[in-house]
Amino acid sequence: MRPKPSSVRELSAKLFPSIAALLLALYLFWPTRLVAQEKPKAVELVFFYGLNSRGFSSDYLHQYSPPFEPGEALSSASHYQQFESTKSRGGAVSLGIFPGRYFGVELSYFHQCSPLAGTSSDYEVFLRYTSRPPPSYDPIEMSLHRTHPWPAPHGYLDLKILTLNPALRFSSGRRWQLGLSAGLASFFLKGELGPVAFTRFWLGGHSVLFSEEYKLLVRFIPNHQLGWYGAVSVSAGFAAGIGLTLDLRYYRSPVIPLKLEAADYDKDYEQQGIEPLTKMGPHLGLSRVLFRPNFLSLKLGLKLSFL
């Protein structure tokens, strides 16, 4: 269920006072022996790469009514997929601008593109229709119930996170530095999922029933939400203006709903026919998938300090 905008505003209203109090306390009570005698560089550019504590899991129940030609019929089809992102690794870049010794602003960008893996239930199809077989051509009610295994889901999930928030830093001599930042974060999600089923039925000569089954690739229509994050980093310099940084961040987002749309035939599988995607669209009944990107990220970075 999509979070109400007011819930994000309430979260922000509760979050900002706590962040401000923490930053002020650290500024007032940080031991003076840890403060560098020389003012650190005003600009810090850091390139990160590291691991996340977990993938992003979700599920999707695909239900629709397969088309039947000609005439009317009662039909239904469904299969259920559970999936999660794997290889939870991502990269980031941050730019810190510090007009003062301790206070500044940090702009950061995080990106992770992860493959999807999981399990799928059997694909179940039901059809009830009227047949008029020769020689009498009298109407006869017919039914079909078919169940067979469905391949495991695959695809990818692309996550981007953009932040622009106040930051603090504290130095011990010229070598060690502690950094803190927290605030709002914009989460952007998109991706692809397959295979999703589609079957069509039609009557041929002598009321013989024919069918075609397709495995489709669908895409997650991009969407975004406003969440928050908190970060702490420790840096060690080893040359003039160059150092290594160990960065720990916690990201938390409200639920992000992603609508689905047919993108292409799933090229991992051979298709039985040539039904155009445009004709499938009105029957597919694609809905949406829900994700909640909440995770810890531990990254190692190269820091460049100048000006």
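**Reading contacts, cores and charges**

Q: What share of the contacts with a separation of 6 or more do residues 24 or more positions apart account for in the protein?

A: The share is 79%. Keep in mind as we go on that this is a predicted model. As for its make-up, two helices and 15 strands are assigned in the protein.

Q: Thanks! How much of the protein counts as buried?

A: Of its 307 residues, 42% do. On the outer side of the balance, about 16000 Å² is exposed, with carbon and sulfur atoms supplying 61% of that area.

Q: How should I read a nonpolar core, and which residues have the most contacts inside the largest one?

A: Here is the general idea: in soluble globular proteins, nonpolar side chains tend to be buried together. In this structure the largest nonpolar core has 27 residues, and L157, L159, I161, F220 and F291 have the most contacts inside it. Two or more residues each come from β1 (43–52), β6 (103–120), β9 (154–172), β10 (176–203), β11, β13 (256–265) and β14 (288–291). The element that gives the most is β10, with five residues. Apart from this core lies another one, of 17 residues, including A77, L127, F198 and Y214.

Q: Let me zoom in on one core residue. With which residues is F220 in contact, leaving aside neighbours within four places in sequence?

A: The partners of F220 include L116, Y156, L157, L193, L258, L260, V289 and F291. Polar or charged residues appear as well, among them K190, E192 and K259.

Q: Now the outside. Which residues make the nonpolar surface patch?

A: V232, F238, I242, L244, L246, L248, L296, L298, L300 and L302 make a patch of about 840 Å². At least two of its residues come from each of β11 (209–239), β12 (242–252) and β15 (295–306). Take L298 as an example: this leucine sits in strand β15, and its relative accessibility is 46%, so L298 counts as partly exposed.

Q: On to charges. How many salt bridges are there?

A: Start with the principle: side chains of opposite charge can pair when their charged atoms come close. The count here comes to 12 salt bridges. One of them joins R200 and E275, whose closest N and O atoms are 3.1 Å apart. This pair links distant parts of the chain, since R200 belongs to strand β10 and E275 to the loop between β13 and α2, 75 residues apart.

Q: Why does R200 count as buried, and why does E275?

A: The cut-off is under 20% relative accessible area. R200 has 17%, so R200 is buried; E275 has 9%, so E275 is buried too.

Q: Which residues are linked with D247 and R249 in a network of salt bridges?

A: E106 and K299 join D247 and R249 in that network. Between R249 and D247 the N to O distance is 2.8 Å. R249 counts as buried because its relative accessibility is 3%, and D247 counts as buried because its value is 2%. Elsewhere, E213 and K215 form a salt bridge at 3.6 Å between the closest N and O atoms, and both of these residues are buried.

Q: One last feature: which backbone oxygens does the side chain of Q271 reach?

A: Q271 lies in the loop between β13 and α2 (277–284). A polar atom of its side chain is 3.2 Å from the backbone oxygen of D266, and the side chain of Q271 also reaches the backbone oxygen of Y269 at 3.3 Å. Beyond neighbours within four places in sequence, Q271 is in contact with E213, Y214, K215, Y265 and D266. That list brings back E213 and K215, the salt-bridge pair from above.

How values were computed:
Residues numbered from 1 in each chain as written. Predicted model: local features only at pLDDT ≥ 70, side-chain atom pairs only at ≥ 80, totals over all residues. Heavy atoms only, no water. Patch = residues over 30% accessible without salt bridge, like charges linked within 9 Å, V, L, I, M, F, W, Y side chains within 5 Å. Areas by Shrake-Rupley, 256 points an atom, 1.4 Å probe, with all protein chains shown as cover. Salt bridge = Lys/Arg side-chain N within 4 Å of Asp/Glu carboxyl O. Helix = DSSP H or I, 4+ residues; strand = E, 2+ residues; numbered from the N terminus. Buried < 20%, exposed > 50% of the residue type's maximum accessible area, 1.4 Å probe, protein only. Core = buried A, V, L, I, M, F, W, Y, C linked by side-chain atoms within 4.5 Å. Contact = heavy atoms within 4.5 Å. Polar contact = N/O pair within 3.5 Å; in protein donor to acceptor, adjacent residues only side chain to side chain.
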